[in-house]
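I opened this entry to keep a short record of what I looked up. The notes follow the order in which I checked things.

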Amino acid sequence: MIQGADFVSVPTRDLTRAQEFYGGTLGLPPSGDGDFVGFEAGNITLLLVDPDAIGVAFSPNQNGFALRVADVAEARRELEAKGVEFFGEVVDTGVRQMAFFADPDGNGIALHRRNA
């Protein structure tokens, strides 16, 4: 029945600021169909949503989502150079490496890489 996930909603209070963060800071390619603004992250679209426009109270998704990268430490260094602040150090569970941060609206994001 379910074939896959098409998009993840990312709540924002400031669409322009969110577009700059996801497109400029993170470097994700834009994806839009005219009515919505999104960014492609591999096999899923991150769809920017103004909750007020759909009658829902704003609440950031603090648990967020993970973005796969080739090298967590290197991706972290690149984002820190662009002003992104991370929560703690890179976490290595033995199975995966992760580094946690948030977008300007407080939505949680993790850089992620499974170990070989």
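Is His112 buried or exposed? I note first that I am working from a predicted model. I found a relative accessible area of 14% for His112. Buried means under 20%, so I entered His112 as buried.

Next I looked up where His112 sits. I found His112 in strand E8, which covers residues 108–114.

Then I went through its surroundings. Leaving aside residues up to four places away in sequence, I listed Ala66, Leu67, Arg68, Val69 and Val72 as residues that His112 touches. Arg96, Gln97 and Met98 are also touched by His112. With Arg96 there is a polar contact, side chain to side chain, at 2.9 Å.

Arg96 led me to strand E7, which spans residues 96–102. I checked how E7 is joined to E8 and found an antiparallel arrangement with seven bridges. I noted one pair here: Gln97 has Arg113 in E8 as its bridge partner. The two strands make a hairpin with five residues between them. In that turn, Gly106 has a positive phi of about 90°.

I then looked at the pairing of E7 with strand E6, residues 86–92. E6 and E7 are antiparallel as well, and I recorded four bridges for them. Phe86 is opposite Phe101 of E7. E6 and E7 also form a hairpin, with three residues between the strands. Gly94 in this hairpin takes a positive phi near 95°.

Last, I wrote down the order of pairing: E6 pairs with E7, and E7 is joined to E8, the strand that holds His112.

Definitions and conventions
Residues numbered from 1 in each chain as written. Predicted model: local features only at pLDDT ≥ 70, side-chain atom pairs only at ≥ 80, totals over all residues. Heavy atoms only, no water. Buried < 20%, exposed > 50% of the residue type's maximum accessible area, 1.4 Å probe, protein only. Polar contact = N/O pair within 3.5 Å; in protein donor to acceptor, adjacent residues only side chain to side chain. Contact = heavy atoms within 4.5 Å. Pairing = 2+ DSSP bridges.
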